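Here is a short briefing on one protein chain. Keep the sequence and the 3D view open while reading.

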Amino acid sequence: IAFASLYSIPALAGAQGLGVIGGLTYGSVPNTNTSGVGTVKANNGFAIGLAAETGGVIGFGINGLYAQRGFTSSISGLSQKLSYIDVPVYLKLAIPNPSVTPFAFVGPQGSFELNCDGGGGACPSGRAKLTYAGVVGAGLKFGVLGGLSLQGRYVYSLTNLNYGTVSNTNNYQARSFMLLAGIGF
């Protein structure tokens, strides 16, 4: 039985593909307890990078995305504009079709901080430079258009970034929605 299961994996996975993916990121500030820091709102930005996936009904994927996150405060010097390299690794389920293939995916993500702009002030020292998140998403791949895909994904941070400027509980876990388009080659 184990041999039969291992033998069926390549048939389920199908062809492998590489592509470019990019789009918009929409952040959220999940903690509303922001006394002493003025009005806080999440930063929106963009994401761009490379994608590798296996095809078929069940597949796997990995992305390397430059992504922007953070928050802006109405009080000068308390903002945090962050740039990351996100690396999600996910299980993908699809309903293959020659023209339009719907798909959904879920998995973990590691994010490596590249830059922190304190908006006129210094970013807090001692915060995590490597953060972890869960990713869930869905989309459509259009086979008749040369591998064009559209997807939405939600990134739910699992790492407490300990930004004392965001809440009295020193808790900030980034959340973002990404609307991405991709093209395979």
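**Overall fold**

The chain has one helix and nine strands. The model is predicted. Read from the N terminus, the order is α-β-β-β-β-β-β-β-β-β.

- The chain has 185 residues, and 39% of them count as buried.
- Take the contacts between residues at least 6 apart in sequence: 63% of these join residues at least 24 apart.
- About 9,400 Å² of the chain is exposed. Carbon and sulfur atoms supply 68% of that area.

**Strand pairing: β7, β8 and β9**

- Strand β7 covers residues 130-142 and runs antiparallel to β8. The two are joined by 10 bridges.
- One contact point between them is A138, whose bridge partner in β8 is G152.
- β8 also runs antiparallel to β9, with nine bridges joining them.
- Here L150 has A181 in β9 as its bridge partner.

**Two residues of β9**

- S176 lies in strand β9. At 3% relative accessibility, under the 20% cut-off, S176 counts as buried.
- Leaving out residues up to four places away in sequence, S176 touches Y26, G27, R69, R153, Y154 and V155.
- G184 is also in strand β9. G184 has 34% relative accessibility, so it counts as partly exposed, the class between 20% and 50%.
- G184 and A52 are 132 residues apart along the chain. Their C-alpha atoms are separated by 9.0 Å.

**The largest pocket**

- The largest pocket holds about 510 Å³ of space. It is lined by 32 residues, and those closest to its centre are G17, E53, T54, K92 and K141.
- Which strands each supply at least two residues of the lining? They are β1 (16-28), β3 (44-54), β4 (58-73), β5 (80-94), β6 (100-117), β8 (148-157) and β9 (175-184).
- β1 gives the largest share of the lining, with six residues.
- How many lining residues fall in each class, nonpolar, polar and charged? The lining has 15 nonpolar, 14 polar and three charged residues.

**To recap**

- β8 pairs antiparallel with β7 and with β9.
- β8 and β9 are also among the strands that supply at least two residues of the pocket lining.
- Within β9, S176 is buried, whereas G184 is partly exposed.

Methods:
Residues are numbered from 1 along each chain as its sequence is written. This is a predicted model: local features need pLDDT of at least 70, side-chain atom pairs count only at pLDDT 80 or more; totals for chains, interfaces and linings use all residues. Side-chain values use heavy atoms; hydrogens and water are left out. On a 1 Å grid over the protein atoms alone, a cavity is a set of points where a 1.4 Å probe fits but cannot get out, and a pocket is an open set with protein on both sides within 12 Å along at least five of seven lines; lining residues have an atom within 4 Å of a point. Grid points are joined across faces, edges and corners, and a volume is the space filled by probe spheres set on the points. Helices (H or I, at least four residues) and strands (E, at least two) are DSSP runs, numbered from the N terminus. Ala, Val, Leu, Ile, Met, Phe, Trp, Tyr, Cys and Pro count as nonpolar, Asp, Glu, Lys and Arg as charged, and the others, Gly among them, as polar. Buried means under 20% relative accessible area, exposed over 50%, partly exposed in between (1.4 Å probe, protein chains only). Two strands pair if DSSP finds at least two bridges between them. Contact means heavy atoms within 4.5 Å. Accessible areas come from the Shrake-Rupley method with a 1.4 Å probe; for residues, only the protein chains shown count as cover.
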